[in-house]
Amino acid sequence: MSKKRPRYVFESNDKGAKFDYFENEIMTPDNKYFLITVDPAKDDYAVNSNLWVRNKLRTFPKMKEKHAIDSKESEERRSKIQSLREKFSSKFEVDFSSREHLLEDYLKNMKEEIPDATTNALGGGLIVGKYGEGILDFVYADFYKVYEELKGKEFIEKYPLSDGDGQLDSLYNQYAYFCNTFFNYEDLFAQSLYTYICPPLFVKPDKEKTHLDFYMAYLSYWQIIYRDLLEFCYDENYYPEFLGNLYPHERYYLYCEMQGLPTSVNLKQKHSIVDNKLTGNKMPFGLTEEEIDERYKNAVKLTKDFKKFAKEYECRADVLHMLFQSPRFIHICYEFSRIEEILNVEFMRMLELDLRFVKCQRCGRYFVRKTEKEARYCDRIVPGTNKTCKDIATIENFKKNHQDDIPTQIYMLYYKRYKARKDAGAFDEYSKKFNEWHYEASAKKIECDKGKITPEEYDNWNFEYFPNRKGNKFFKD
């Protein structure tokens, strides 16, 4: 069967799904980690402040007063936000320190316990991840499981739209679309990091759910593309006679040529001058704390000469003086709003650094190789257990390699039994004796291996070693 993939372009359309709402940033400071800043300007307090500043009125609360959130709903939302943050924190480092003080100030000023002020649980957060982990998180997300639960439910317009057609009304309505979309489909977006921080807007009710089907086609397409890329570019066992001697970036080029995809990718790199983001301790990217303090101490004074300088450039002297107070730094990042944009940034960075994915020999899923010794099994938790593929494979391989090794099996039976009791405190009076048993049991195992004692004798010796015995012998009577 042909593996030719059609080239789709998913844009705003009559299905009511629009992209490009969030404006996130990703920085790539070193060869191990990427840093994502989730758009902080799309949440309740940010939109409210924007409307208030631009309109000098509390426009936002007036628009929302018909749908006030009661205390029970507030607590439910708070709990949901916490659970989502914990979910993403299990895979990535998540830092909200730069956001929380803004939210606290907002809640204090609004004199409310909590409005829907954190519509997106990751809004304003800093996400730190290892290269490849974001791609894998998206590729292996099970969107269809949640989709099956949602497709039969009615799309509810919980947040009302403004009746006006001005610029502020349009700004508010975009936010209302966002809130309505999240209210209905947040569980779907939360299946992966990139879908959660690159949400679409569903801008009109759709009883037929065509907008949801359209979005699922979009997700499915990019999952297929990147699953194919992982296999084609990184799988050492995929056509090794043709691809085995090629680097991943060379295999990527071939894949694009054969699939009719562009071999170049346009990334949205942004250079800006800021006073609050340091990406180093040397100019132009940053300074040490001591140097920053020194700059503040030696800041320009508001003198007559300074006022003359400001007048020459037709600037207010007090405003210009304020701008002189803080040192400024170059900040370089990539901007992204859509899932394919962040996938492109991460994948291109992987190719650039010649980092490698490998396939887990137990579950068949790809993971990022850390060392040559860790190249066979991944660290994913196996469903229904608290063990990873690596843990279970170690046990399975041990059993396989020692299935005919009776002395080793006897030794492991008693080691696990006695060690568990010792760790539980059941053998406090024999804690020193456990180490003695371990030494003697190892020596007797060697005797059993050499045939000096029988396996039955070795079993009996281990069983009788400690009093208050529980459990069966290896050779059951």
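Q: What is the strand order of the open sheet of six strands?
A: In this predicted model, the six strands pair in the antiparallel sense. From one strand to the next, the twist averages 30°. The order is E4-E5-E3-E2-E8-E7.

Q: Which strands are the edge strands of this sheet?
A: An edge strand here pairs on one side only. This applies to the two ends of the order E4-E5-E3-E2-E8-E7. The edge strands are E4 (93-95) and E7 (268-274).

Q: How many bridges join strand E3 to strand E5?
A: Strand E3 covers residues 33-37 and strand E5 covers residues 126-130, and the two run antiparallel. Among the pairs, Phe 34 has Gly 129 as its bridge partner, and Ile 36 has Ile 127. The count of bridges joining E3 to E5 is five.

Q: Which residue in E5 is the bridge partner of Asp 95?
A: Strand E4 spans 93-95, and E4 pairs with E5 in the antiparallel sense over three bridges. In E5, the partner of Asp 95 is Leu 126.

Q: At about what angle to E8 does helix H15 run?
A: Helix H15 takes in residues 339-353 and lies across E2 (24-27), E3, E5, E7 and E8 (329-336). Those strands all appear in the sheet order E4-E5-E3-E2-E8-E7. Relative to E8, the helix runs at about 120°.

Q: What is the N to O distance in the salt bridge between Lys 268 and Glu 341?
A: Lys 268 lies in strand E7 and Glu 341 in helix H15, so the salt bridge ties together parts that are 73 residues apart in sequence. Lys 268 is partly exposed at 42% relative accessible area, whereas Glu 341 is buried at 16%. The N to O distance is 2.9 Å.

Q: Which residue forms a salt bridge with Glu 335?
A: Glu 335 is in strand E8 and its partner is in strand E7, 65 residues apart. The closest N and O atoms are 3.4 Å apart. Glu 335 has a relative accessible area of 31% and is partly exposed; the partner, at 24%, also counts as partly exposed. That partner is Lys 270.

Q: How many residues apart in sequence are the parts tied together by Lys 80 and Glu 186?
A: The two side chains meet in a salt bridge, 3.6 Å from N to O. Lys 80 is partly exposed at 27% relative accessibility, while Glu 186 is buried at 6%. Lys 80 lies in helix H3 and Glu 186 in helix H7, so the parts tied together are separated in sequence by 106 residues.

Q: Is Leu 84 buried or exposed?
A: Leu 84 lies in helix H3 (residues 71-89). Leaving aside neighbours within four places in sequence, Leu 84 is in contact with Ala 121, Glu 186, Ala 190 and Tyr 196. The cut-off for a buried residue is under 20% relative accessible area. At 5% relative accessibility, Leu 84 therefore counts as buried.

Q: What is the C-alpha to C-alpha distance between Leu 84 and Asp 187?
A: Leu 84 belongs to helix H3. In sequence, Leu 84 and Asp 187 are 103 residues apart. In space, the C-alpha to C-alpha distance is 9.5 Å.

Q: What is the relative accessible area of Asn 180?
A: Asn 180 lies in helix H7 (residues 167-189). Beyond its neighbours within four places in sequence, Asn 180 is in contact with Phe 155, Ile 156, Glu 157, Lys 158 and Tyr 159. Asn 180 is buried, and its relative accessible area is 2%.

Q: About how much accessible area does the patch of Val 300, Phe 309, Tyr 313 and Phe 324 have together?
A: These four residues form a nonpolar patch on the surface. Val 300 is in the loop between helix H12 (289-297) and helix H13 (304-312), and at 34% relative accessibility counts as partly exposed. The accessible area of the four together is about 380 Å².

Q: What percentage of the residues in the protein are buried?
A: The protein has 19 helices and 10 strands. Its accessible surface comes to about 27700 Å², with 50% belonging to carbon and sulfur atoms. Of the 477 residues, the buried share is 42%.

Notes: Residues are numbered from 1 along each chain as its sequence is written. This is a predicted model: local features need pLDDT of at least 70, side-chain atom pairs count only at pLDDT 80 or more; totals for chains, interfaces and linings use all residues. Side-chain values use heavy atoms; hydrogens and water are left out. Two strands pair if DSSP finds at least two bridges between them. Helices (H or I, at least four residues) and strands (E, at least two) are DSSP runs, numbered from the N terminus. Axes are lines fitted to C-alpha atoms, for helices over the stretch in contact, and angles run from 0 to 180 degrees between N-to-C directions. Contact means heavy atoms within 4.5 Å. Patches are made of residues with over 30% relative accessible area and no salt bridge: like charges are joined within 9 Å, nonpolar side chains (Val, Leu, Ile, Met, Phe, Trp, Tyr) within 5 Å. Accessible areas come from the Shrake-Rupley method with a 1.4 Å probe; for residues, only the protein chains shown count as cover. Buried means under 20% relative accessible area, exposed over 50%, partly exposed in between (1.4 Å probe, protein chains only).
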